[in-house]
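Trainee: I would like a close look at one strand in this model and what surrounds it. Please take me through that part slowly, then outward to the rest.

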Amino acid sequence: MNFLVYVIDCLRADHVSCYGYYLRTTPNIDRLAQEGIVFERAFSPSTWTKPVAASLLTGLYPPVHGVRMRSDVMTRTIPSVAEWLNQSGYATLAVSTIGNFSSSLGFDKGFDRFIDLYKEPSLLARRTIADVKKEKLHLEKQGNVIFPLAEDINEVVFPFFERRLDQDFFTLLWAMDPHDPYHPPSRWNLYRDSAYKGRMDGSRESAKRARRPEDLQHLINLYDGEVAYTDWCFGQIIDWLKHKGIYDQTAIFVLGDHGEAFGDHEQMLHGHLPFEEIIHVPLILKLPDSRYAGARISGLVSLVDVMPTILDMAEIPGSQEGIITQGGSLLSLLRNPDHGGREIVFSDLKTTEAHNEILSVRGQTWKYIWVKPSNKAGRIRALGRLLADPDILKEVLSNPFFYLKRQMNSTREYLYNLTDDPQETYNLARRLVERARGFQETLETWLCECAESVKDYEESGAQRRIDQATLDQLRALGYL
């Protein structure tokens, strides 16, 4: 059996056709959905890439695997799904187009080969280039990075598949195209309104200033073009696997790591409060021989469930006893018709010590978001260290409204009845104080359980701190 995990950065569920989007942005993903299983209510454990990548590989939420903040890296001793499969004879490959999922951050462990396309010299002449600091990439010694396209992934993965036709493989591909800047290849600029004359050019800086409905719609049109382009590239991979006769022997996951906001809740981009447009992501699984084809699962699931699902399918002796996971196999929802999925799912956000910790718990009906108070003096000191970096200070001063709105979080609690209010319009936290307090206690209990899991790792020697050399480098870069 082979495994292919295809991650599409910033892909929100409600912009995927088989999840009900009014545009046919994803015909190839839809085709896979017809031959696989659609998890209608899948949720991300965080609102930005790096912690989500660690959760996908470990089956753990961010407070346990420890990859939460910009300065964090994957430890060498927390076991990942790539390590389990590699030790069992699978050929393992990861191809990344984005620096927050990279070998520099320790994500290469367990992979025979990890290709960081965003710094691939062969693409320099063909792709847009950006400054490393502008992209907030850490532990990179070079000054510039490339914005690879999904087609660049295909260029390297097809030869890998060709050489592994007779060997089981595990491949993780990370496409970044729907991420800003929103610049779909011209052929895929399908939804652009030719009458638009505004100032939105698809860049991150222009997106931060989007306020008018026509500007927001223009950005959405560009984003949808990026989604359609990535879907086309994904379709090429499916066609290749079928042509080579290994499609039926391959389990295929396609998913978004998190969503993207376009004025929803007066927010832009991602990495902020975990509203539904950010944490509700598509998750589709095509099993070998297309078992359970066409099934749609309405129960709650999390991206932390992907890793244990793969180990379940691979039937690796000892793997289930040898790991600590907060996920569960998605196959249990298929094997047991009465299985209703998870009762609740969690999300966690803490990018630096200068920022708030933002947690959420979501059930079938209720959703609670908590902006957890932190040590004020510690936050002020950390903020001072951040703003001492002239590049960060310049970025903040270029659009102070955007950063103040994102980081101040004057509202500390949000409570929504998603059955009555699926758009999260009416915050009931002040009206239903006891219910909100109960959810806060649930989050506090969950954090304590996460701390106990970390303690288990530390006592077993399974987790270590960042080495001194890395700390020195991060300090020199101004991140500590």
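Mentor: Start with a pairing. Strand β3 runs parallel to strand β4, residues 113-116, and four bridges join the two. One facing pair is Leu 93 with Arg 113 of β4. This is a predicted model, so read every value here as computed from that prediction.

β3 has a second partner. It pairs with β7, again in the parallel sense, over six bridges. There, Ala 94 has Leu 172 of β7 as its bridge partner.

Now look at the side chains of β3. Ala 91, Leu 93 and Val 95 point one way. Thr 92, Ala 94 and Ser 96 point the other way. All of them are buried. That makes six buried residues out of six, and the strand is mostly covered.

Next, the core. The largest nonpolar core holds 60 residues. Tyr 6, Phe 161, Ile 237, Leu 241 and Ile 284 are the members that touch the most others. β3 is among the elements that give two or more residues to this core, and so is its partner β7. The others are β1 (2-8), α1 (27-34), α5 (150-163), α7 (213-243), β8 (250-256) and β10 (268-269). Helix α7 gives the most, with 14 residues. As background, nonpolar side chains tend to be buried together in soluble globular proteins.

Follow β7 onward, to an enclosed space. Rolling a probe the size of a water molecule over the atoms shows where empty space is left. Here the count comes to one cavity of 30 Å³ or more. The largest cavity has about 40 Å³ of space. Its lining is made up of Val 5, Leu 56, Leu 57, Val 81, Phe 170, Leu 172, Val 306 and Ile 310. Note Leu 172 in that list. It is the residue of β7 that bridges to Ala 94. Three elements each supply at least two lining residues: α2 (49-58), β7 (169-175) and α9 (306-314). By type, the lining has eight nonpolar residues, no polar ones and no charged ones.

β7 also leads to an unusual bond. After β7 comes a loop that runs to α6 (204-208), and Pro 181 sits in that loop. The peptide bond from Asp 180 to Pro 181 is cis, with omega near 0°. For context, most peptide bonds are trans, and most residues other than glycine have a negative phi.

That second point matters for another loop, the one between β12 and β13. Ser 290 lies there, between β12 (283-286) and β13 (295-302). Its phi is positive, about 55°, although Ser 290 is not a glycine. Tyr 292 is found in the loop between β12 and β13 too. Phi of Tyr 292 is near 60°, also a positive value in a residue other than glycine. Exposure sets the two apart. Ser 290 has a relative accessible area of 19%, so it counts as buried, the cut-off being under 20%. Tyr 292 has 40%, so it is partly exposed.

Set β3 beside another covered strand, β14. Residues 345-349 form β14, and five of the five are buried, so this strand is largely enclosed by the rest of the structure. Val 345, Ser 347 and Leu 349 point one way from it. Phe 346 and Asp 348 point the other way. The pairing of β14 is with strand β15, residues 357-362, in the antiparallel sense over five bridges. Val 345 stands opposite Arg 362 in that pair.

Two single residues complete the tour. His 65 belongs to helix α3, residues 62-65. Its relative accessibility is 2%, so His 65 counts as buried. The His 65 side chain reaches the backbone nitrogen of Val 67 at 3.0 Å.

Met 1 is in the segment before β1. At 30% relative accessibility, Met 1 counts as partly exposed. Met 1 and Gln 167 are 166 residues apart in sequence. In space, their C-alpha atoms are 8.8 Å apart.

Back to your strand. β3 has β4 on a four-bridge pairing and β7 on a six-bridge pairing. Its six residues are buried, and it contributes to the largest nonpolar core.

Conventions. Residues numbered from 1 in each chain as written. Predicted model: local features only at pLDDT ≥ 70, side-chain atom pairs only at ≥ 80, totals over all residues. Heavy atoms only, no water. Buried < 20%, exposed > 50% of the residue type's maximum accessible area, 1.4 Å probe, protein only. Pairing = 2+ DSSP bridges. Polar contact = N/O pair within 3.5 Å; in protein donor to acceptor, adjacent residues only side chain to side chain. 1 Å grid on protein atoms, 1.4 Å probe; cavity = no way out; pocket = protein on both sides within 12 Å on 5 of 7 lines; lining within 4 Å. Points joined across faces, edges and corners; volume = space filled by probe spheres on them. Nonpolar A, V, L, I, M, F, W, Y, C, P; charged D, E, K, R; others polar. Core = buried A, V, L, I, M, F, W, Y, C linked by side-chain atoms within 4.5 Å.
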